[in-house]
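Let's walk through this chain together, starting from a single residue and working outwards. Keep the structure open beside you as you read.

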Amino acid sequence: MGVGEGNEEYGRREFQRSRSHFTDRVTADGRDGWPVEAGRYRLVVSRACPWASRGVISRRLLGLENALSLAIADPVQDDRSWRFTLDPDGRDPVLGIRFLKEAYDARATDYPDGVSVPALVDVPSGKLVSNDYQRLTLDLATEWTALHREGAPDLYPVALRDEIDTVMAEVYEDVNNGVYRAGFATGQKPYEEACAGVFRRFQALSERLARRRYLVGDTITEADIRLFTTLVRFDAVYHGHFKCNLWKLAEDRVLWAYARDLFQTPGFGDTVDFDHIKRHYHQVHTGINPTGIVPLGPDTSGWLTPHHREELGGRPFGDGTPPGPVPGPEAVPPTGRA
Ligand SMILES: N[C@@H](CCC(=O)N[C@@H](CS)C(=O)NCC(=O)O)C(=O)O
């Protein structure tokens, strides 16, 4: 029996992820009308959101901070969705808007899947260009190359794309989206299948990563970014709030060391705000946490402990170099750090 085909007792309800509605691409040749151009676009994210966080990490690793500016939404949406309440006067200082919805409205009158982050917005017109999170980071890696920093890594190397795509598809199905299917299931059977699937995939990934430092090849790739964004949220929100609790990340020696290795790599952990992550999930999903209470734990200091993964070899940035420090205004506040 497949997921969602449960009997009366368990129900048929299964979480359905909405699709990205705006799939225009910003490319080197500008074929969709949106050429890569320094300073033209604004990346709107929530640091709570795993899909948006991929873009925040890629942007850091590739050194696109000066070319592509960043807007950080309040981790807690209201019924008008993502808001710029963290900014002075509650307005994004570059786009001049209070709600991300205003950029969506400038682009279209009808968008059945609603407002979501990440969102790439054209600054001169104020219009949304794309909310296609699956494509966004691949384009940052392959289309924005003219604006990459010196020493930027190749996050999507041509020779490894098939393998990267295969790993990412499995990770998406069972892990990135699997935790959501478990967390939002409204029937016992869909929950159990999704939860079991998360841990089956974790087991396979743990075996894969026992003797190799990164998922594909010997350098950091897009596949590592996509696994990391789920792992870094795992013990803080998916284990309790989404009931993915067969074990904690910190209880798997290999995956925990792998995740800490990435966390301690410039461009990964320096983008993570545990305060935003915890408040978003626990305060926004009132269907599964009606009181809105945000748990005090877990202790996040373990993220900074030695991981010893260098012993496996690997060249984090290949022939390139690590990114420099986080630009001052983008530093994660102490309340959100490990
Ligand atoms: N479903 C989104 C994928 C990204 C996503 O799910 N983002 C979430 C945050 S993690 C979001 O913005 N959801 C809308 C909301 O919560 O208002 C899409 O189709 O592009």
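Before we begin, one working rule: a residue is called buried if 20 or more other C-beta atoms lie within 10 Å of its own. Please also keep in mind that this is a predicted model.

With that cut-off in hand, find W82, which sits in the loop between β2 and α2 (101-107). W82 has 27 C-beta neighbours inside 10 Å, and therefore counts as buried. Who surrounds this loop residue? Setting aside neighbours within four places in sequence, W82 is in contact with S46, A73, Q77, F99, L100, V115 and V117. Take F99 from that list: it is 17 residues away from W82 along the chain, yet the two C-alpha atoms are separated by 5.9 Å.

From W82, step back to strand β2 (residues 69-72), which is covered on both faces. S69 and A71 are buried on one side, while L70 and I72 are buried on the other. The partner to look for is strand β1 (residues 41-45), which pairs with β2 in the parallel sense over 4 bridges. Within this pairing, V45 stands opposite I72.

V45 also leads us to the interior. Together with L100 and A259, V45 is among the residues with the most contacts inside the largest nonpolar core, which has 88 residues. Helix α7 (residues 222-238) gives the most to this core, contributing 10 residues. Where does the core lie with respect to the two domains? Both domain 1 (41-147) and domain 2 (158-336) give residues to the core, so it lies between them.

On the domain 2 side, look at A259. Not counting residues up to four places away in sequence, A259 touches F228, L231, V232 and L249. Helix α7 comes up again at helix α9 (residues 274-284), since α7 is included in what covers the buried residues of α9. Those buried residues are F274, H276, I277, K278, H280, Y281 and H282.

Now let's turn to how the two domains meet. Their centres, taken over C-alpha atoms, are separated by 21 Å. Across the boundary, 20 residues of domain 1 are in contact with 20 residues of domain 2. On the domain 1 side, α1 (50-62) and α3 (133-142) each supply at least two of the residues that touch domain 2. Of the elements on that side, α1 gives the most, with 8 residues.

The database record offers another way to divide the chain. In an unreviewed entry, UniProt places the feature "domain: GST C-terminal" at residues 131-281. Over residues 131-281 the chain is 60% helix and 0% strand, and the end C-alpha atoms are 20 Å apart.

Finally, zoom out to the whole chain. There are 9 helices and 4 strands, and from the N terminus on the elements run β-α-β-α-β-β-α-α-α-α-α-α-α. Along the principal axes, the C-alpha atoms fill a box of roughly 50 × 45 × 40 Å. How does the radius of gyration fit this picture? A compact globule of 338 residues would have a value near 20 Å, and the chain has 19 Å, which agrees. Of the 338 residues, 45% count as buried. Among the contacts with a separation of 6 or more, 72% come from residues 24 or more positions apart.

Technical notes. Residues are numbered from 1 along each chain as its sequence is written. This is a predicted model: local features need pLDDT of at least 70, side-chain atom pairs count only at pLDDT 80 or more; totals for chains, interfaces and linings use all residues. A nonpolar core is a set of buried Ala, Val, Leu, Ile, Met, Phe, Trp, Tyr and Cys residues joined through C-beta atoms within 7 Å. A residue is buried if 20 or more other C-beta atoms lie within 10 Å of its own, exposed if 12 or fewer, and partly exposed in between; C-beta atoms are placed from the backbone. Domain bounds come from an automatic or database domain assignment. Two residues are in contact if their C-beta atoms, placed from the backbone, lie within 7 Å. UniProt positions are given in the numbering used here, feature names are shortened, and annotations may be inferred rather than shown by experiment. The radius of gyration is taken over C-alpha atoms; the globule rule is 2.2 Å times the number of residues to the power 0.38. Two strands pair if DSSP finds at least two bridges between them.
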